[in-house]
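Hello,

Here is the structure I promised to pass on to you. Have a look at it first, and then read on for what turned up in it.

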Amino acid sequence: MMKNTHYYIQRCLALGKQAAEKGNSMVGALVVKDDEIISEAEESVKTKNDITCHAEIEAIRKAVKNLMTNDLSGCILYSTHEPCIMCSYAIRFYKIKQVAYLHQSQYLGGVSSSMPLLVTNKVPPGWSNAPIINHVKEDS
């Protein structure tokens, strides 16, 4: 059965709820390839006391390990929130082809902020083109 964006965002929301129950920000993310979830993660900044443990980066770390490659160009990242500039760096570095998120980030979003790292063409040689961006609406 082909899963759709709504299915994956709902899974992200469940992961975000788990994160919040542990005292972290309510963020969940997954990496999908060929309609299969390769990795999933919840925000763990507070529980791990590590600012780099955003859900998106945690999901990317697991995907790189599970697929045994640094090239995630065949993958889509789904998240409850617009990836921040730190997460956007990782997304671009690992060549993720598409990003779908539900909530816009208020200050440091990789698409909406004054530092749109996720969508700019001003990146180092060897980085991928900007991914396709899908800002998901609440009712989709």
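Strands E1 and E3 run antiparallel, and five bridges join them. One pairing to look for is Leu30, whose bridge partner in E3 is Tyr78. Please keep in mind as you browse that this is a predicted model.

E1 has a partner in E2 as well: the two run antiparallel, joined by six bridges. Along this pair, Gly28 stands opposite Glu42 of E2, and Val32 stands opposite Ile37 of E2. The hairpin of E1 and E2 has two residues between the strands, and Asp34 in this hairpin takes a positive phi near 50°. E1 itself is mostly covered, with five of its six residues buried.

Now to helix H1, which covers residues 5–21. Its 17 residues should span 24 Å at 1.5 Å a residue, and the C-alpha atoms at its ends are 24 Å apart, so the expected and actual spans agree. At the N-terminal end, Asn4 acts as the cap of H1: one of its side-chain oxygens lies 3.2 Å from the backbone nitrogen of His6. Just after the helix comes Gly23, with a positive phi of about 95°.

Which residues of H1 are buried? They are Tyr8, Ile9, Cys12, Leu15, Gly16 and Ala19. These residues cover an arc of only 115° around the axis, and therefore they sit on the same side of H1. Lys17 and Glu21, on the other side of H1, are exposed. As for what covers the buried residues, it includes the strands E1 (28–33), E2 (36–42), E3 (75–81) and E4 (98–103).

Ser25 is worth a stop on the way from H1 to E1, since its place is in the loop between them. Is Ser25 buried or partly exposed? Its relative accessibility is 40%, so Ser25 counts as partly exposed. Leaving aside neighbours within four places in sequence, Ser25 is in contact with Gly16, Ala19, Ala20 and Glu43. Ser25 and Ser44 are 19 residues apart in sequence, while their C-alpha atoms are 7.9 Å apart in space.

Finally, the interior. In soluble globular proteins, nonpolar side chains tend to be buried together. Here the largest nonpolar core has 22 residues, and those with the most contacts inside it are Val31, Ile60, Leu72, Leu77, Ile91, Ile96 and Val99. Two or more residues of this core come from each of E1, E2, helix H3 (55–67), E3, helix H4 (85–93) and E4. H3 gives the most, with six residues.

To see one of these residues in its surroundings, try Val31. Apart from its neighbours within four places in sequence, Val31 is in contact with Glu36, Ile37, Ile38, Ser39, Ala59, Ile60, Ala63, Cys75, Ile76 and Leu77. Another core, of 11 residues, lies apart from the largest one, and among its members are Leu15, Leu30, Ile76 and Ala100.

If you would like a route through the model, you could begin with E1 and its antiparallel partners E2 and E3. From there, turn to the buried residues of H1, including Tyr8 and Leu15, and end at the largest nonpolar core with its 22 residues.

Enjoy exploring, and do write back with any questions.

Best wishes

Definitions and conventions
Residues numbered from 1 in each chain as written. Predicted model: local features only at pLDDT ≥ 70, side-chain atom pairs only at ≥ 80, totals over all residues. Heavy atoms only, no water. Helix = DSSP H or I, 4+ residues; strand = E, 2+ residues; numbered from the N terminus. Expected span 1.5 Å × (residues − 1). Buried < 20%, exposed > 50% of the residue type's maximum accessible area, 1.4 Å probe, protein only. Arc of directions from axis to C-beta. Contact = heavy atoms within 4.5 Å. Polar contact = N/O pair within 3.5 Å; in protein donor to acceptor, adjacent residues only side chain to side chain. Core = buried A, V, L, I, M, F, W, Y, C linked by side-chain atoms within 4.5 Å. Pairing = 2+ DSSP bridges.
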